[in-house]
Amino acid sequence: MAITLVNPGGLPKIDAYRQVAVATGSKLVFVAGQVACDANGATVGGDDLAAQVEQCYLNIGTALAEVGGSFDDVAKLTVHVVDWTPDKMPLLMAGVTRAAARLGVTPVPPATLLGVAALDVPEHLVEVEATAVLD
């Protein structure tokens, strides 16, 4: 595996992600921001943030599988949530947990969470982009 995830001593231990990813592979994969759309472009989840997060993560899994990777190869995630407030964290984590169960992984690479005013279309509540490293 090209990615080793680490929580260094002296930094807070966060359950949702690790603080550092060490990449030793040779192929960088940049997955464009994924929104909650199915293969036909229809929005999945409606106003349900957890359902939309789940679909975003599943889309990243699909994109990585196409190039011979998986969520285990992700070195960094960036999550953009519309009108973010801390009370949305349980919904975000519920979506991540459901996607992880479906993908059979523990997606805890370093991550950045950003609150944004809007995304490409009004019904999209979240967008997730990924950087992966493959051997």
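Asp83 is exposed in the predicted model. Its relative accessible area is 51%, just over the 50% cut-off, so the residue counts as exposed rather than partly exposed. Asp83 sits in the loop between β4, residues 74-82, and helix α2. The backbone of Asp83 has a phi near 50°. That value is positive, in a residue other than glycine. Most residues other than glycine have a negative phi.

The chain as a whole contains two helices and six strands. Their order along the sequence is β-β-β-α-β-α-β-β. The radius of gyration is 14 Å, close to the 14 Å expected from the globule rule for 135 residues, so the protein is as compact as a globular protein of that length. Along the principal axes, the C-alpha atoms occupy a box of roughly 40 × 35 × 25 Å. Buried residues account for 38% of the 135 residues. Contacts that span long stretches of sequence are frequent: among those between residues at least 6 apart, 74% join residues at least 24 apart.

The surface and the charges were also computed. The protein exposes about 7,000 Å². Carbon and sulfur atoms supply 55% of that area. There are 7 positive and 15 negative side chains. The centres of these two sets lie 8 Å apart.

Helix α1 covers residues 49-66 and includes Gln52. Gln52 has a relative accessible area of 0%. This value is under the 20% cut-off, so Gln52 is buried. The side chain of Gln52 reaches the backbone nitrogen of Leu125 at 2.8 Å. The separation is within 3.5 Å, the limit for a polar contact. Leu125 is also one of the residues that Gln52 touches, when residues up to four places away in sequence are left out. Glu123, His124 and Val126 are among the others. The list further includes Ala36, Thr43, Val44, Gly45 and Gly46.

Thr62 belongs to helix α1 as well. In contrast to the buried Gln52, Thr62 is exposed, with a relative accessible area of 54%. Thr62 and Arg18 are 44 residues apart along the chain. Their C-alpha atoms are separated by 23 Å.

Helix α2 runs over residues 89-103, and Leu103 is part of it. Leu103 has a relative accessibility of 28%. That figure falls between the 20% and 50% cut-offs, so Leu103 counts as partly exposed. Beyond residues up to four places away in sequence, Leu103 touches Tyr57, Leu58, Gly61 and Phe71. The C-alpha atoms of Leu103 and Ala32 are separated by 19 Å. Along the chain, these two residues are 71 residues apart.

Ala39 lies in the loop between β3, residues 27-34, and helix α1. At 86% relative accessibility, Ala39 counts as exposed. The sequence places Ala39 and Thr106 67 residues apart. In space, the C-alpha to C-alpha distance between Ala39 and Thr106 is 24 Å.

Key. Residues are numbered from 1 along each chain as its sequence is written. This is a predicted model: local features need pLDDT of at least 70, side-chain atom pairs count only at pLDDT 80 or more; totals for chains, interfaces and linings use all residues. Side-chain values use heavy atoms; hydrogens and water are left out. Helices (H or I, at least four residues) and strands (E, at least two) are DSSP runs, numbered from the N terminus. The radius of gyration is taken over C-alpha atoms; the globule rule is 2.2 Å times the number of residues to the power 0.38. Buried means under 20% relative accessible area, exposed over 50%, partly exposed in between (1.4 Å probe, protein chains only). Contact means heavy atoms within 4.5 Å. Accessible areas come from the Shrake-Rupley method with a 1.4 Å probe; for residues, only the protein chains shown count as cover. Lys and Arg count as positive and Asp and Glu as negative; His and the chain ends are not counted. The place of a charge is taken as NZ of Lys, CZ of Arg, CG of Asp or CD of Glu. A polar contact is a pair of N or O atoms within 3.5 Å; within protein, one must be able to donate a hydrogen and the other to accept it, and residues adjacent in sequence count only if both atoms are side-chain atoms.
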